[in-house]
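Below is a walk through one protein chain, taking its confidence, a sheet and its salt bridges in turn. Please keep the sequence and the coordinates in view while reading.

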Amino acid sequence: GKSITFANDRNQAVLGLSGYLCAKFLTKSVYWSLDGFGHLEFTPQNGDSGQMKSLSDKIPWAGCVSNIRTASIKEGTTVSMEADGSLARMFQYCKNLTDCDLRGLVTTDAVDMESMFDGCVSLMNVDLSGFKTGQVKSFKNMFRNCTVLESLSISTFDGSRLTDMSGMFEGCKAVNFIVFPAAFNTRATED
């Protein structure tokens with residue numbers, strides 16, 4: 001078998017297996033990896049819980065988006081966002097992503113989810129059941145152009161600080177069922 005070796009002082013590693021087995025150290029405590037089957041997985045370094053750096057500047061796996069077919073937080077673990085963290089464009093243009101299980105992603109400190117799944121034209125299943133969005137200000141274009149997504153539950157979402165949800169479901173041609181929270185407060189929303 002091949003082993004992953006760190007390539008530089010920022011603990012980044014890349015191993016070419018069929019051109020796209022990659023691993024990268026995100027923060028002091030969470031790795032992302034993409035295997036040869038196209039599964040993107042987020043794994044806490046300690047095997048239990050970890051914190052992920054805000055994605056506001058750059059999506060670390062952006063060069064691999066066409067190879068991502070499924071995504072998840074490692075089963076039995078949790079990954080949280082740093083304070084005022086952004087999940088904006090996390091999976092944007094992952095055109096081959098079909099299934100995304102983010103139950104282990106703790107979002108209580110996230111403030112931005114803009115374009116999180118924008119352009120995921122193959123997305124059929126997404127589990128956001130653990131999402132707490134009380135600090136989020138933007139859902140703008142969050143699911144834009146998820147053209148085959150038929151149903152979605154955002155029943156745990158809280159829109160009390162939301163200022164922009166424009167285009168949230170734009171281009172979602174197949175959606176026929178969305179579960180909203182009983183009281184989805186969007187009073188502060190401008191668009």
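**Salt bridges, sheet and confidence**

Arg 144 has a relative accessible area of 23%, so it counts as partly exposed. The model is a predicted one. Arg 144 makes a salt bridge with Asp 118, with 2.7 Å between the closest N and O atoms. Arg 144 sits in the loop between E12 and strand E13 (151-153), and Asp 118 in the loop between strand E11 (110-112) and E12, so the pair ties together parts that are 26 residues apart in sequence. Asp 118 is buried, with a relative accessible area of 1%; the cut-off for buried is under 20%.

How many salt bridges are there in total? The count comes to three. Besides the pair just described, there is a network of salt bridges that links Asp 101, Arg 103 and Asp 127. Within this network, the side chains of Asp 101 and Arg 103 meet at 2.5 Å, N to O. Arg 103 also forms a salt bridge with Asp 127, where the closest N and O atoms are 3.4 Å apart. Arg 103 belongs to the loop between strand E9 (99-101) and E10, whereas Asp 127 belongs to strand E12 (residues 125-127), so this pair ties together parts that are 24 residues apart in sequence. Both acidic partners of Arg 103 are partly exposed: Asp 101 has a relative accessible area of 24%, and Asp 127 one of 25%.

The next element to look at is a sheet. Three strands form an open sheet with parallel pairing, in the order E5-E7-E10. Strand E5 (49-52) and strand E10 (105-106) stand at the edges; each has a single partner strand, so one side of each is left without a neighbour in the sheet. In general, strands of a sheet pair through backbone hydrogen bonds, either parallel or antiparallel. Here E5 pairs with strand E7 (residues 78-81) in the parallel sense, over four bridges. Ser 49 stands opposite Thr 78 in E7.

How far the coordinates can be read depends on the confidence. The mean pLDDT of the protein chain is 85, and 82% of its residues reach 70 or more. Which elements have the lowest and the highest mean pLDDT? Strand E1 (residues 12-15) has the lowest, at 44, and E9 the highest, at 98. Over residues 1-19 the pLDDT is below 50, and this stretch has 26 contacts in the model beyond near neighbours in sequence. Where pLDDT is low, the predicted coordinates should not be read in detail.

How values were computed:
Residues numbered from 1 in each chain as written. Predicted model: local features only at pLDDT ≥ 70, side-chain atom pairs only at ≥ 80, totals over all residues. Heavy atoms only, no water. Pairing = 2+ DSSP bridges. Helix = DSSP H or I, 4+ residues; strand = E, 2+ residues; numbered from the N terminus. Salt bridge = Lys/Arg side-chain N within 4 Å of Asp/Glu carboxyl O. Buried < 20%, exposed > 50% of the residue type's maximum accessible area, 1.4 Å probe, protein only. pLDDT = per-residue confidence, 0-100. Contact = heavy atoms within 4.5 Å.
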